[in-house]
Amino acid sequence: MTALTEKLVRVPALTGPRHRRLIPWIFAGPATALFAVFFAYPLAASLLQSFQRTEDGVTEWAGLDQYARLLADARFGQSLLNVGLILLVQVPIMIGLALVLAYVLNQSWLRFRATLRVAFFLPAVTTLVAYAVVFRVLLKTEGGMVNQLLGHEIAWLDDPMWARVALIASITWRWTGYNMVILLAGLQAIGRAQYEAAAIDGAGPWRTFTSVIVPQLKPVILFCSITSTIGTLQLFDENKVLTDGGPDDATLSPILLLFQVGFKQFDFGYAAAMAWVIVLIIGVLSYAQFRWLK
């Protein structure tokens, strides 16, 4: 390389104090710009919009009127009751199953452990709409495979109680394997010495599980619990495809109601207020779980 070429391609060194202060911004600048444009600005705009209303193409300040509407909205209250039921029933069952599966698949005596882990995790990689469509076909009242196997016609998607059961079953099927993998990683982080100490103290398998494994997994269980709570409150694809929130709003979720209000009724101010109330509920429930698990 000639001296002229070296001079042309030479990049000035950032050695001065002023240049050194610019280095972090050079690396963080693109990410900061993307965060500001695609996250911070929409977040602030939605918060502002929740205090506004638009009528006949004219946007005006509404104060807390949109939030007051939520207190009197029976459908929003029903949607919260629906996801509350799922939280109380489905999330404990799912995490309990995931913990049992993780414990079993962590045993050295079990054959084909890798194959079984992949098999239980596979539902988590299927697309939300695709698996919901499959469940819709399986649970059809007339001609559905589940009813054919049972030899009895159950209105899985047309009866309020059975629609909730179908929704809970579909969510559990998809997300149990996902939580199992996370809990399995937590189990593998527990040192062998703790198992040996429990065995020396005379602890059996159940005592070891409750006194050694579960306490060590508390941070992991907390993570699974919080992510499952957030996912339940953000429930949309499954109930949209399976029942579209019916029958009689039995499977209506806050996000599905938000979608209907925002993109069917075009009441974006009310939808924004609904979104911020959901965010507040998620924050309160997450904090409560932190406090409960200490």
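## Contacts, cores and unusual backbone geometry in a predicted model

Leaving aside neighbours within four places in sequence, threonine 126 is in contact with Tyr131, Trp173 and Arg174. Threonine 126 is placed in the loop between helix 5 and helix 6 (128-138), and at 28% relative accessibility this threonine counts as partly exposed. Along the chain, threonine 126 and arginine 174 are 48 residues apart, while their C-alpha atoms are separated by 8.2 Å.

The structure described here is a predicted model, and its confidence should be considered before the details. The mean pLDDT of the protein is 87, and 93% of its residues reach 70 or more. Among the elements of the protein, the lowest mean pLDDT, 50, belongs to helix 1 (residues 3-9), whereas helix 8 has the highest, 93. Where pLDDT is low, the predicted coordinates should not be read in detail.

### The nonpolar cores

The largest nonpolar core has 21 residues, and those with the most contacts inside it are Ala102, Leu183, Leu187, Ile190, Ile213 and Leu217. The elements that give two or more residues to this core are helix 4 (74-105), helix 8 (160-188), helix 10 and helix 11, and helix 4 provides the largest share, seven residues. A second, separate core has 17 residues, including Phe76, Leu256, Val261 and Val277.

Leucine 187, which is one of the residues with the most contacts inside the largest core, is located in helix 8. Is leucine 187 buried or exposed? With a relative accessible area of 2%, leucine 187 is buried, because the cut-off for that class is under 20%. Beyond its neighbours within four places in sequence, leucine 187 is in contact with Ala102, Tyr103, Asn106, Tyr195, Ile213 and Leu217. The C-alpha atoms of leucine 187 and valine 214 are separated by 9.3 Å, and these two residues are 27 apart along the chain.

### Packing of helix 10 with helix 11

Two packed helices are described by the angle between their axes and the distance between the axes. For helix 10 (residues 205-216) and helix 11 (residues 218-233), the angle is about 60° and the axes are 4 Å apart, which means that helix 10 is oblique to helix 11. Helix 10 contributes Val214, Pro215 and Gln216 to the contact, and helix 11 contributes Lys218, Pro219 and Ile221. By residue class, the contact of helix 10 with helix 11 divides into four nonpolar, one polar and one charged.

### Unusual backbone geometry

Most residues other than glycine have a negative phi, and most peptide bonds are trans. The peptide bond from glycine 246 to proline 247 is cis, with omega near -10°, and proline 247 lies in the loop between helix 12 (237-242) and helix 13 (254-263). Two phenylalanines, neither of them a glycine, have a positive phi, and they are set out below.

| Residue | Phi | Loop | Relative accessible area |
|---|---|---|---|
| Phenylalanine 112 | about 60° | between helix 4 and helix 5 (113-121) | 58%, exposed |
| Phenylalanine 266 | about 55° | between helix 13 and helix 14 (268-293) | 57%, exposed |

Phenylalanine 112 counts as exposed because its relative accessible area of 58% is over the 50% cut-off, and phenylalanine 266, with 57%, is likewise exposed.

Terms used:
Residues numbered from 1 in each chain as written. Predicted model: local features only at pLDDT ≥ 70, side-chain atom pairs only at ≥ 80, totals over all residues. Heavy atoms only, no water. Axes fitted to C-alpha atoms, helices over the stretch in contact; angles between N-to-C directions. Parallel < 35°, antiparallel > 145°, perpendicular 65-115°, else oblique. Contact = heavy atoms within 4.5 Å. Nonpolar A, V, L, I, M, F, W, Y, C, P; charged D, E, K, R; others polar. Core = buried A, V, L, I, M, F, W, Y, C linked by side-chain atoms within 4.5 Å. Buried < 20%, exposed > 50% of the residue type's maximum accessible area, 1.4 Å probe, protein only. pLDDT = per-residue confidence, 0-100.
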